[in-house]
Amino acid sequence: HLPGHSPYQVAVFVPEERVVFTSDNIVRAQPYLHQAMPLEWIESLKRYQEFDADFFVPGHGEVCDKSFIPEMSKTVQSYINATKAALIQGLTVDQAADDTAFLEKYGIKVGPDPMAKRVIKMSLTHLFEVLGR
């Protein structure tokens, strides 16, 4: 059990194949944080480093190795940092989600895809609730 993307994430380790199936805690795509436990996610990503594995099968995207885990952690941390900054600055979710320069300042890549923008807003909405307590 490795919570993160959602409270119910699991990893399946097949030691004889040196492979870990990561659920959606590792993705090689736009992450969805609408059910995330962000601080636990960072801790779970640290635990993935402990597996004696060569291959990590993400919930979405191409198979990777351990070298991708810090990038995934950085992505989750960027959402945490942006949310905390927005809360400190008194921004609303809409203001933060619509401000591309603000998001990019914290490492959140905003592309032209309208769905990606929607996912970012859903993610921030949830993180405002979780981290704003």
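The following conversation goes through a predicted model, from its sheet to its helices, salt bridges and one histidine.

User: Before we start, what kind of model is this, and what do local features need?
Analyst: It is a predicted model, in which local features need pLDDT of at least 70 and side-chain atom pairs count only at pLDDT 80 or more, while totals for chains, interfaces and linings use all residues. Residues are numbered from 1 along each chain as its sequence is written, and side-chain values use heavy atoms, with hydrogens and water left out.

User: In what order do the three strands of the sheet run?
Analyst: The order is β1-β2-β3, in an open sheet with mixed pairing. Strands here are DSSP runs of E with at least two residues, and helices are runs of H or I with at least four, numbered from the N terminus. Two strands pair if DSSP finds at least two bridges between them.

User: Which strands stand at the edges?
Analyst: β1 (12-14) and β3 (55-57) do; each has a single partner strand, so one side of each lacks a neighbour in the sheet. Neighbouring strands of the sheet are turned by 15° against each other on average, direction ignored.

User: How many bridges join β2 and β3, and in which sense do they pair?
Analyst: β2 (residues 19-21) pairs with β3 in the parallel sense over three bridges. Val 19 has Phe 55 in β3 as its bridge partner.

User: Now the helices. At what angle do α1 and α2 pack?
Analyst: Helix α1 (residues 38-48) and helix α2 (residues 69-89) pack at about 170°, with their axes 10 Å apart. The axes are lines fitted to C-alpha atoms over the stretch in contact, and angles run from 0 to 180 degrees between N-to-C directions. The two helices are therefore roughly antiparallel, a term for angles over 145 degrees.

User: Which residues of α1 and α2 meet?
Analyst: From α1, Pro 38, Leu 39, Trp 41, Ile 42, Leu 45 and Tyr 48 meet Ile 69, Met 72, Ser 73, Val 76, Gln 77 and Ile 80 of α2. Contact means heavy atoms within 4.5 Å. The contact comprises 10 nonpolar residues, two polar and no charged. Ala, Val, Leu, Ile, Met, Phe, Trp, Tyr, Cys and Pro count as nonpolar, Asp, Glu, Lys and Arg as charged, and the others, Gly among them, as polar.

User: How many salt bridges does a search of the whole structure find?
Analyst: It finds four, a salt bridge being a side-chain nitrogen of Lys or Arg within 4 Å of a carboxyl oxygen of Asp or Glu. One of them joins Arg 18 and Asp 52 (3.1 Å, N to O). Arg 18 lies in the loop between β1 and β2 and Asp 52 in the loop between α1 and β3, so the pair ties together parts that are 34 residues apart in sequence.

User: What else is in the network with Arg 18 and Asp 52?
Analyst: Asp 54 is linked with them in a network of salt bridges. Arg 18 and Asp 54 meet at 2.7 Å, N to O.

User: Is Arg 18 buried, partly exposed or exposed?
Analyst: Arg 18 is partly exposed, at 29% relative accessible area. Buried means under 20%, exposed over 50%, and partly exposed in between (1.4 Å probe, protein chains only). Asp 54, at 37%, also counts as partly exposed.

User: Last topic: where is His 126 found, and what does His 126 touch?
Analyst: His 126 is in helix α5 (residues 114-131) and is buried, with a relative accessible area of 16%. Not counting residues up to four places away in sequence, His 126 touches Leu 33, His 34, Gln 35 and Ala 36.

Methods: Parallel < 35°, antiparallel > 145°, perpendicular 65-115°, else oblique.
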